[in-house]
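Hi there,

Here is the structure I promised to pass on to you. Have a look at it first, and then read on for what turned up in it.

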Amino acid sequence: MGVPQPARLQDGREPVRTSSRLIYFSSASENTSRFVSKLGREVARIPLYAKDAPLLATRPFVLVVPTYGGTGGEGSVPKQVIRFLNNPQNRELLRGVIGAGNTNFGDNYCLAADIIAAKCQVPHLYRFELMGTPDDVARVNKGLDTFWTRLSQTQK
């Protein structure tokens, strides 16, 4: 039995459904997108523009999210990600968060992932800077494999 899926949104648009286990948001800078593409996994992108059909997760996933600048953390979580997680089905299927950021943000480095992990009560699995390094790619791939294996064992 799967998660019930609404046929249409309130505004009449059909959501884009994804069974990807890795969902990400990337701003126009494409830094997060470039990192995620190096992972070589099936991924789905949260739409950049509100006019685009929203994304609807159909199975458990890990979210990769950049942090936007902002003093004291205000505005750290991209509005598009907030909209995505405001859908109860998406929020229910979230299993972990990976943060992208810029160490120039100081204490706000990867803060969006911290905020989402705390609010949704899921683990903040990893942090990487800007487009990540080859070591980041290897660690995230290994970590995701381990994470999904452990999760599948605990849900039996």
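D114 and R127 form a salt bridge, with 3.2 Å between their closest N and O atoms. D114 belongs to helix α4 and R127 to strand β7, so this pair ties together parts that are 13 residues apart in sequence. Both ends are partly exposed: D114 has a relative accessibility of 28%, and R127 has a relative accessible area of 37%. Please keep in mind as you read that this is a predicted model.

In total, the structure holds five salt bridges. As general background, side chains of opposite charge can pair when their charged atoms come close. Another of the five joins E30 and R45, whose closest N and O atoms are 3.2 Å apart. Here E30 sits in the loop between β2 and α1, while R45 is in strand β3 (residues 44–45), so the pair ties together parts 15 residues apart in sequence. R45 is partly exposed at a relative accessible area of 28%, and E30 is partly exposed too, at 25%. A further salt bridge links R17 to E14, with the closest N and O atoms 3.1 Å apart. R17 counts as partly exposed, with a relative accessible area of 32%, and E14 is likewise partly exposed, at 37%.

E30 deserves a second look for its backbone. Its phi is near 70°, a positive value in a residue other than glycine. For context, most residues other than glycine have a negative phi. The loop that holds E30 runs between β2 (22–24) and α1 (31–38). So what else has a positive phi? L130 does, at about 50°, although it is not a glycine. L130 is found in the loop between β7 (124–129) and α5 (134–154), and it is partly exposed, with a relative accessible area of 36%. Q121, which follows α4, also has a positive phi, near 55°.

Back to α4 itself, since D114 lies in this helix. Which residues of helix α4 (residues 111–120) are buried? They are L111, A112, A113, I116, A117 and C120. The cover over these buried residues includes β5, α2, α3 (88–93), β6 (94–101) and β7. Strand β7 therefore appears twice in this story: it is part of that cover, and it carries R127, the salt-bridge partner of D114 in α4.

Next, the aromatic rings. A search of the whole structure finds four aromatic pairs. One of them is F61 with F84, an edge-to-face pair at 5.7 Å centre to centre and with 65° between the planes. This pair links distant parts of the chain, as F61 is in strand β5 (residues 61–66) and F84 in helix α2 (residues 79–85), 23 residues apart. Are these two rings' residues buried or exposed? F61 is buried, with a relative accessible area of 0%, and F84 is buried as well, at 4%. The elements that hold this pair, β5 and α2, are also among those covering the buried residues of α4.

There is also a contact between a charge and a ring that you may like to look at. The charged end of R21 sits over the ring of W148, 3.8 Å from the ring centre.

Finally, the overall picture. The protein has five helices and seven strands, and along the sequence they follow the pattern β-β-α-β-β-β-α-α-β-α-β-α. Of its 156 residues, 44% count as buried. Among contacts between residues at least 6 apart in sequence, 67% join residues at least 24 apart. The protein exposes about 8,600 Å², and carbon and sulfur atoms supply 52% of that area.

If you want somewhere to begin, I would open the view on α4, with its buried residues and the salt bridge from D114 to R127, and then go on to the pair of F61 and F84.

Happy browsing, and best wishes!

Methods: Residues are numbered from 1 along each chain as its sequence is written. This is a predicted model: local features need pLDDT of at least 70, side-chain atom pairs count only at pLDDT 80 or more; totals for chains, interfaces and linings use all residues. Side-chain values use heavy atoms; hydrogens and water are left out. Rings of Phe, Tyr and Trp (its six-membered ring) pair if their centres lie within 6.5 Å; planes under 30 degrees apart count as stacked, over 60 as edge-to-face and the rest as tilted. Helices (H or I, at least four residues) and strands (E, at least two) are DSSP runs, numbered from the N terminus. Buried means under 20% relative accessible area, exposed over 50%, partly exposed in between (1.4 Å probe, protein chains only). A charge sits over a ring if NZ of Lys or CZ of Arg is within 6 Å of the ring centre and within 35 degrees of the ring normal. Contact means heavy atoms within 4.5 Å. Accessible areas come from the Shrake-Rupley method with a 1.4 Å probe; for residues, only the protein chains shown count as cover. A salt bridge is a side-chain nitrogen of Lys or Arg within 4 Å of a carboxyl oxygen of Asp or Glu.
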